[in-house]
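Please open the model in your viewer and keep the sequence panel beside it, since the tour moves from one selection to the next.

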Amino acid sequence: MHPLVRDLYKRIIIVGKDYPAGLEHVRRKAKEAFMKNKDLTDEVEIKRAVARGRWYVRNELTAVIQLKKYRTIKDRYY
C-alpha cells in the first residue's frame with residue numbers, strides 16, 4: 001500500500017469517529033472508495049486520488065461534524 005493512501009485512510013478513520021452516522025458507516029464508505037481505486041498504479045493518478053480524498057475529509061466530513069456539534073450545543077441551551 002502506498003504511504004499516502006495509508007495516511008489518508010488513517011485520517012478518514014480519525015475524523016469518522018465523530019461522524020453522526022457512526023464510524024462503521026464511514027469505514028464502509030471509505031472501503032468502497034478505496035476498492036474502486038485499487039487498480040491505480042500511476043504515481044500521478046494515485047496522488048490525484050489522495051488529494052481528492054483529503055479534500056473530502058477536510059471539507060465534507062469536517063463540515064458535517066461541526067454541524068452536529070453546533071446542533072448539540074444549540075439543543076443544550078434552548
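Helices in this tour are DSSP runs of H or I with at least four residues, numbered from the N terminus. The model is a predicted one, and every value below is computed from it.

Begin by selecting glycine 22, which sits in the loop between H1 and helix H2 (23–36). With a relative accessible area of 21%, glycine 22 is partly exposed, and its C-alpha lies 15 Å from that of valine 57, a residue 35 places away in sequence.

Next, display helix H1 (residues 3–16) together with helix H3 (residues 43–77), whose axes are 10 Å apart and pack at an angle of about 10°. Angles under 35 degrees count as roughly parallel, so H1 is roughly parallel to H3. To see the contact itself, select Leu4, Val5, Asp7, Leu8, Arg11, Ile12 and Val15 in H1, and then their counterparts in H3, among them Ile46, Val50, Arg54, Val57 and Leu61. Sorted by class, the contact of H1 with H3 has 10 nonpolar, one polar and four charged residues.

Within that pair of helices, pick arginine 54 and aspartate 7, which form a salt bridge whose closest N and O atoms are 3.3 Å apart. Arginine 54 belongs to helix H3 and aspartate 7 to helix H1, so this pair ties together parts that are 47 residues apart in sequence. Arginine 54, at 26% relative accessibility, is partly exposed, and aspartate 7, at 29%, is partly exposed as well.

The structure holds four salt bridges, and two further ones can be inspected within single helices. In helix H2, glutamate 24 pairs with arginine 27, with the closest N and O atoms 3.1 Å apart; being three residues apart, they are separated by about one helical turn. Glutamate 24 is exposed, at a relative accessible area of 52%, whereas arginine 27, at 31%, counts as partly exposed. In helix H3, arginine 48 and glutamate 45 are likewise three residues apart, and their closest N and O atoms lie 2.8 Å from each other in a salt bridge.

Finally, which residues make up the largest nonpolar core? Select Leu8, Ile12, Tyr19, Val26, Ala30, Val57, Leu61 and Ile65, the eight residues that form it. H1, H2 and H3 are the elements that give two or more residues to this core, and the largest share, three residues, comes from H3. Centring the view on valine 26 shows its contacts with Ile12, Gly16 and Tyr19, once neighbours within four places in sequence are left aside.

Methods: Residues numbered from 1 in each chain as written. Predicted model: local features only at pLDDT ≥ 70, side-chain atom pairs only at ≥ 80, totals over all residues. Heavy atoms only, no water. Axes fitted to C-alpha atoms, helices over the stretch in contact; angles between N-to-C directions. Parallel < 35°, antiparallel > 145°, perpendicular 65-115°, else oblique. Contact = heavy atoms within 4.5 Å. Nonpolar A, V, L, I, M, F, W, Y, C, P; charged D, E, K, R; others polar. Buried < 20%, exposed > 50% of the residue type's maximum accessible area, 1.4 Å probe, protein only. Core = buried A, V, L, I, M, F, W, Y, C linked by side-chain atoms within 4.5 Å. Salt bridge = Lys/Arg side-chain N within 4 Å of Asp/Glu carboxyl O.
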